[in-house]
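Student: I'd like a close look at one part of this structure, the surroundings of a single core residue. Could you walk me through that spot and then show how it fits into the rest of the chain?

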Amino acid sequence: MCGIVGISAAVNVNQLLFDALTVLQHRGQDAAGMVTNKDNRFFLRKDNGLVKDVFRTRHMTRLHGNTGIAHVRYPTAGSSSSAEAQPFYVNSPYGIALAHNGNLTNAESIKESLFTSDLRHINTQSDSEILLNVFAHEISKGNRHELEANDVFQALTRVYERCEGGYAVIALINGHGLVGFRDPYGIRPLVYGKRKAGKRTEYMVASESVALDALGYERVRDVEPGEAIYIDEKGQLFTHQCVPGIKRPCMFEYVYLARPDSIIDGISVYQSRLRMGQTLANKILRDWSDHDIDVVMPIPDTSRNSALELATRLGLPYREGFVKNRYIGRTFIMPGQAVRKKSVKQKLNAISQEFAGKNVLLVDDSVVRGTTSQQIIEMAREAGAKKVYFCSAAPAIRYPNVYGIDMPTSEELIAYGRSEDEVEALIGADRLIYQTLDDLKKAVSSLQPEITDFECSVFDGEYVAGHIDQKYLKKLAKNRNRKPGEGEHGASLIDLHNEDEMA
């Protein structure tokens, strides 16, 4: 999960990109980067850290141009190296910069063919650099100085033929324009919007519609699975369905990843979370009609919508029992279990008066590794709760994610190989209630009947894109345990990156 944005405007876009990244900060807190384009030159700044820390005034004044792309990074392979901060850049052909959200499932085989057949060098462990070089190689086949929209779309059709997995991409072609495209299943989100600036129409492409809203752009629509859009230097928009698409958006976007004020594939994230709360309440009424719950409490922030609707449907009081420290990042996307574990009590503090002597139902969006859930239940008991019940708006997460979310090994998932009763005992809850997958799908699809299915591999183990088998998953787990900076055989990688010189 990362956040990407691209803007083609009539004015300098550096501040617009900065503002968009701050709105998308929830999608990645590890690194940030920006590339702008003016007079056939790229201007780049990227580094580890939050958006506000990476971009200082001295950097912003050097980011010239009316077209640009930007990225917030969340590492999916445990690495926090600044060498893998995006956007990436290649100088041939034309000069291309690229920002990517997702994961290529066949990156290893592509990397080999890039070296042996395409004669291209990959300097990092990032599949984003691989994707950039595939795009650069395919677009170079046109061998044209003047690039037209059809040349871009033909190149992307060949990119689709080579690249498997879940991905949303924004690229900037020096002196020509802005490109956006999405994988054939639409697993990772991508939306575009427009606004008028005098006689010109300005365009923006982003991971979530909330970025469009914040900058005053009208949401046009989501980029379709297998579709590409191209905005040339004159501000003309071209779209093309490069390959057939089947819409299977990632269910975890609605459960946790996206902001509630975003709309993804025509589905309001906020409304979908309300529906999750309704179906959870229905399950409790169906399976536990004689419950003794006194109060419903969310674990802030993403479960608030579900918890409030659940409480309303059950006719129970809704209370905010935990206060969140706004200056601590999202624990789910912190690089390392030790850091996550340490951060929970720094992140949340219990209001003891709300817990004392009560049977409390805590509602969270999901249970991934279980460490956070266990500590929060302990905090509730320490605050005086008589009984602590735990409710998950998502089903049990038992399988790795291979499409860009940090759940790459089964062994890290508390529900892997365990029954619900066993998970309940491990986290210390008096009762654990999971949403069923059927109920979750119905809750979300009820808001957009045209979408009949979702990418739900973390729940059901069904991988819709790429050739995913046990051999692949074992290799993924092995790479997960490799030390940052190590190559295939443990050798240290040479880091040729120096963003200060490139900025």
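Tutor: Happy to! Let's start at Leu361, keeping in mind that this is a predicted model. Setting aside residues up to four places away in sequence, Leu361 touches Ile284, Ile293, Val295, Val296, Met297, Leu310, Tyr389, Phe390, Cys391 and Ile433.

Leu361 also belongs to a bigger group. The largest nonpolar core has 55 residues, and Leu361 is one of those that touch the most other members, along with Met251, Phe252, Tyr254, Leu310 and Phe459. Two or more residues of this core come from each of helix H8 (251–257), helix H9 (269–287), helix H10 (304–314), strand E19 (359–364), strand E20 (387–392), helix H15 (437–445), helix H16 (457–460) and helix H17 (470–480). The top contributor is H8, which gives six residues. As general background, nonpolar side chains in soluble globular proteins tend to be buried together.

Now for the strands. E19 and E20 pair in the parallel sense, over six bridges. In this pairing, Asp364 stands opposite Ser392 in E20. Five of the six residues of E20 are buried, so E20 is largely enclosed by the rest of the structure.

One of the helices facing these strands is H10. Its buried residues are Asn305, Ser306, Ala307, Glu309, Leu310, Ala311 and Leu314. These pack against H9, strand E16 (295–298), E19 and E20. Leu310 ties the picture together, as a buried residue of H10 that is also among the contacts of Leu361. Just after H10, Gly315 takes a positive phi of about 70 degrees.

Let's step away from this core. There is a second, separate core of 35 residues, and among its members are Ile96, Leu147, Val169 and Ala228. Ala228 leads us to Cys242, since the two are in contact. Cys242 is found in the loop between strand E13 (237–241) and H8. Apart from residues up to four places away in sequence, Cys242 touches Phe153, Leu156, Thr157, Tyr160, Gly226, Glu227 and Ala228. With a relative accessible area of 11%, Cys242 falls under the 20% limit and therefore counts as buried. For a sense of distance, Cys242 and Ile229 are 13 residues apart in sequence, and their C-alpha atoms are 9.9 Å apart in space.

What about the cysteines as possible partners for one another? The structure holds zero disulfides. Cys2 is in no disulfide, and the nearest cysteine sulfur to it, that of Cys250, is 13 Å away. Cys2 is nevertheless buried, at a relative accessible area of 7%. Cys163 is likewise in no disulfide; its nearest cysteine sulfur is that of Cys242, 12 Å away. Cys163 is buried as well, with a relative accessible area of 4%.

Two other buried sites are worth a visit. Thr67 lies in strand E4 (residues 67–73) and is buried, with a relative accessible area of 15%. Leaving out neighbours within four places in sequence, Thr67 is in contact with Ile7, Ser8, Val13, Val35, Thr36, Asn37, Leu172 and Leu178. Val344 sits in helix H11 (residues 337–347), and its relative accessibility of 2% makes it buried. With neighbours within four places again set aside, Val344 is in contact with Thr372, Gln375 and Ile376. The C-alpha atoms of Val344 and Gln125, which are 219 residues apart along the chain, are separated by 30 Å.

Finally, let's zoom out to the whole chain. It contains 18 helices and 21 strands. Buried residues make up 60% of its 503 residues. Taking contacts between residues at least 6 apart in sequence, 70% join residues at least 24 apart. The C-alpha trace spans about 75 × 55 × 45 Å along its principal axes. The radius of gyration is 23 Å, which agrees with the value near 23 Å for a compact globule of 503 residues. On the outside, the chain exposes about 20100 Å², and carbon and sulfur atoms supply 47% of that area.

Definitions and conventions
Residues numbered from 1 in each chain as written. Predicted model: local features only at pLDDT ≥ 70, side-chain atom pairs only at ≥ 80, totals over all residues. Heavy atoms only, no water. Core = buried A, V, L, I, M, F, W, Y, C linked by side-chain atoms within 4.5 Å. Buried < 20%, exposed > 50% of the residue type's maximum accessible area, 1.4 Å probe, protein only. Helix = DSSP H or I, 4+ residues; strand = E, 2+ residues; numbered from the N terminus. Contact = heavy atoms within 4.5 Å. Disulfide = S-S within 2.5 Å. Rg over C-alpha atoms; globule rule 2.2 N^0.38 Å. Areas by Shrake-Rupley, 256 points an atom, 1.4 Å probe, with all protein chains shown as cover. Pairing = 2+ DSSP bridges.
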